[in-house]
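I wanted to get to know this one before doing anything else with it. These are my notes, in the order I looked things up.

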Amino acid sequence: MQGNCIFCKINAGEIPSATVYEDENFKVIMDISPAAKGHMIMLSKRHCANLLELDDESAASALIIARKLARALKEELNCDGINLVQNNGEASGQTVFHFHIHLIPRYDNDQMSLGWTPGKYEDGEAATFAAALAARL
Ligand code: 5GP
Ligand code: ZN
């Protein structure tokens, strides 16, 4: 628990939230300012700023829970698609520095924008990046 962290306070029940799911690793709540109705956020139970700091146990269980939630979203809202969004660092758009994953229901032609302009690599550049990154694993 980090004293000033709003998501730690939600985990502790000090700030109320509309809760969907809870276990030893995650609490899942409705986002207070949803991108679309049904938008949920999965908060790690242990405070860490972002994915780079996430513990193994939470990392291992995260996608199993996300899959459950995605199926529930599809069944309940009959949405056409679902985005999982997970921001790390201010540059990425992160505003609350406690690890979380967004699940956002999407609809055909909903005009929501989560996109980027596709770039391109010079010849051989992608392979150079791949090798450099692989060397750091
Ligand atoms: P980020 O930009 O850090 O990936 O997303 C933070 C998210 O937390 C935002 O979508 C924001 O609406 C949500 N949020 C911030 N404060 C609260 C809160 O007090 N309660 C709930 N339910 N969501 C919050
Ligand atoms: Zn926290």
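Before anything else, a cut-off I need: I call a residue buried when its relative accessible area is under 20%. Also for the record, this is a predicted model.

**Entry 1: strand E2**

I started with E2, which spans residues 26–30. Four of its five residues are buried, so I take E2 to be largely enclosed by the rest of the structure. Next I checked the partners of E2. Strand E1 (residues 19–22) runs antiparallel to E2, joined by three bridges. The link between E1 and E2 is a hairpin with three residues in between. One pair I noted across these strands is Glu22 opposite Lys27 in E2. Strand E3 (residues 40–44) is antiparallel to E2 too, with five bridges joining them. There I found Val28 standing opposite Met42 in E3.

**Entry 2: the whole chain**

I then stepped back to the overall layout. I counted three helices and five strands in the protein chain, and from the N terminus their order reads α-β-β-β-α-β-β-α. The C-alpha atoms fill a box of roughly 55 × 40 × 25 Å along the principal axes. Of the 137 residues, 34% count as buried.

I also looked up one long separation. Val20 lies in strand E1, and its C-alpha atom is 42 Å from that of Tyr121, 101 residues away along the chain. Val20 comes out partly exposed, at a relative accessible area of 42%.

**Entry 3: the zinc ion**

Which protein atoms are the donors of the zinc ion (ligand 2)? I get Cys5 (SG), Cys8 (SG), His47 (ND1) and His98 (ND1), at 2.0 to 2.3 Å from the ion. The sequence spacing of these donor residues is C-x2-C-x38-H-x50-H. Two of them, Cys5 and His98, link distant parts of the chain: Cys5 sits in the segment before H1 and His98 in the loop between strand E4 (81–85) and E5, 93 residues apart. Both Cys5 and His98 are buried.

For the geometry, I looked at the angles subtended by the four donor atoms. The angles run from 102 to 117 degrees, which makes the arrangement tetrahedral. The cut-off behind that call is that all angles lie between 85 and 135 degrees.

**Entry 4: the largest pocket**

How much space lies in the largest pocket? My note says about 340 Å³. Its lining has 21 residues, and the closest to the centre are Phe7, Ile29, Asp31, Ile32 and Ile41. Helix H1 (6–11), strand E2 and strand E5 (100–106) are the elements that give two or more residues to the lining. H1 has the largest share, with three residues. Sorted by class, the lining holds 11 nonpolar, nine polar and one charged residues.

**Entry 5: two positive phi angles**

Last, the backbone in the loop between E5 and helix H3 (125–134), where I found Asn109. Asn109 isn't a glycine, yet has a positive phi of about 60 degrees. Gln111 is in the loop between E5 and H3 as well, and this non-glycine has a positive phi of about 65 degrees. Buried or exposed, then, for Asn109? Asn109 is exposed, with a relative accessible area of 70%. Gln111 is exposed too, at 73%.

Definitions and conventions:
Residues are numbered from 1 along each chain as its sequence is written. Chains are lettered from A and ligands numbered from 1 in the order in which they are written. This is a predicted model: local features need pLDDT of at least 70, side-chain atom pairs count only at pLDDT 80 or more; totals for chains, interfaces and linings use all residues. Side-chain values use heavy atoms; hydrogens and water are left out. On a 1 Å grid over the protein atoms alone, a cavity is a set of points where a 1.4 Å probe fits but cannot get out, and a pocket is an open set with protein on both sides within 12 Å along at least five of seven lines; lining residues have an atom within 4 Å of a point. Grid points are joined across faces, edges and corners, and a volume is the space filled by probe spheres set on the points. Ala, Val, Leu, Ile, Met, Phe, Trp, Tyr, Cys and Pro count as nonpolar, Asp, Glu, Lys and Arg as charged, and the others, Gly among them, as polar. Donors are N, O and S atoms within 2.8 Å of the metal (3.2 Å for Na, K and Ca); water is not among the atoms, so sites may look incomplete. Four donors count as tetrahedral if all angles lie between 85 and 135 degrees; four count as square planar and six as octahedral if opposite donors are over 155 degrees apart and all others between 65 and 115; anything else is irregular. Buried means under 20% relative accessible area, exposed over 50%, partly exposed in between (1.4 Å probe, protein chains only). Two strands pair if DSSP finds at least two bridges between them.
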